[in-house]
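Colleague: I should like to examine the reasoning behind the terms applied to this model. Please take each term in turn and set the value against its definition.

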Amino acid sequence: MTEIAGAPRTAATAQDPNPVPPRGVRLSRDARRTQLLGAALDVFAAQGYHAAAMDDIADRAGVSKPVLYQHFPSKLELYRALLRTYAERLVSLVRGAMLSTTDNSLRVQGAVTAYFDFVANESKAYRLIFGSDLRGEPEASAVLDTANRECIDMVADAVTQDAGLDRDRARLLAVGLVGIGQVTAQYWLDSGQAVPRQEAVDLMTRLAWRGLARFPMVHE
C-alpha cells in the first residue's frame with residue numbers, strides 16, 4: 001500500500017535531516033511511518049512533549065492531520081513509538097559491541113563507543129530518551145527502563161561468564177559500565193564536545209577497563 005505525500009507546508013533544505021517528500025511522491029506505509037517519526041523527532045526535540053502539537057508534526061511532515069492519525073492515533077502513542085525506535089537502536093549498538101569480540105577490553109571499548117556514537121549521530125534522539133519532559137509517564141518510562149535493563153543484562157552476561165561472578169555482583173559491575181557510557185556521553189554532548197570524540201572514548205575506556213581488568217578471568 002502506498003500513500004501520496006501531501007503538499008509540504010514546511011520548506012526543506014539540503015541540510016534538512018528529515019526532508020518533506022515533494023508533492024505527489026508515493027510512499028509505502030512503512031516509509032510514511034518512518035517519515036512521520038522523523039518529523040515528530042524534530043518537533044519533540046525542539047518543543048518538548050507537552051508543548052508540541054499534532055498539527056506541528058503534520059506540518060513538519062507535510063501531511064494532513066488525518067494521515068498522521070491513520071498511523072498514530074494519539075500524540076502519546078506517537079511519542080512512545082519514537083522512544084521505542086531509538087531505544088531499540090541504542091540497544092542494538094550495545095549488543096553489537098558485546099557480540100563482535102571475545103576480547104573483554106574491546107568489549108568495554110565497544111560499549112562506551114556505542115553511547116558516544118549514538119549521541120554524536122542521534123543527538124536529538126538521545127536527548128529525547130534521556131532528557132524527556134515525559135519521563136514520569138509510566139509507559140514511556142517502561143520503554144527506557146527496558147532499554148537500560150537490556151544493555152545491563154548484555155554486559156552482565158559477559159562479566160558473569162568471564163569473571164565467574166554471581167549474577168548480583170556481575171549486574172552491579174554492568175550498571176557501572178553502562179552508567180559510565182551513558183552519563184559521560186551525555187556530558188560530552190551537553191558540554192560542547194570540547195574533547196574529540198575518539199579521545200573521550202579512549203579516556204573512559206581506560207578508566208573502566210583498569211577497574212574490570214583487576215578481576216581474574218576464569219578461562220585464564
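Modeller: The model is a predicted one. Let us begin with a single residue.

Colleague: Why is Gln35 called buried?

Modeller: Gln35 has a relative accessible area of 13%. The term buried applies under 20%, so Gln35, at 13%, is classed as buried. Gln35 is found in helix α1, which covers residues 29–47.

Colleague: How far is Gln35 from Gly62, in sequence and in space?

Modeller: Gln35 and Gly62 are 27 residues apart in sequence, and their C-alpha atoms are 9.9 Å apart in space.

Colleague: What share of the chain is buried?

Modeller: Buried residues account for 44% of the 220 residues in the chain. The chain has 9 helices and 2 strands, and its pattern along the sequence is β-β-α-α-α-α-α-α-α-α-α.

Colleague: What makes the space in the second largest cavity a cavity and not a pocket?

Modeller: A cavity consists of points where a 1.4 Å probe fits but cannot get out, whereas a pocket is open. The structure holds 2 cavities of 30 Å³ or more, and about 50 Å³ of space lies in the second largest. The elements that give two or more residues to the lining of the second largest cavity are α4, α6 and α7, and α7 supplies the largest share, 4 residues.

Colleague: How do you know which lining residue of the second largest cavity is polar?

Modeller: The lining divides into 8 nonpolar, 1 polar and no charged. Asn148 is one of the lining residues; Asn is in neither the nonpolar nor the charged list, so Asn148 counts as polar.

Key. Residues are numbered from 1 along each chain as its sequence is written. This is a predicted model: local features need pLDDT of at least 70, side-chain atom pairs count only at pLDDT 80 or more; totals for chains, interfaces and linings use all residues. Side-chain values use heavy atoms; hydrogens and water are left out. Buried means under 20% relative accessible area, exposed over 50%, partly exposed in between (1.4 Å probe, protein chains only). On a 1 Å grid over the protein atoms alone, a cavity is a set of points where a 1.4 Å probe fits but cannot get out, and a pocket is an open set with protein on both sides within 12 Å along at least five of seven lines; lining residues have an atom within 4 Å of a point. Grid points are joined across faces, edges and corners, and a volume is the space filled by probe spheres set on the points.
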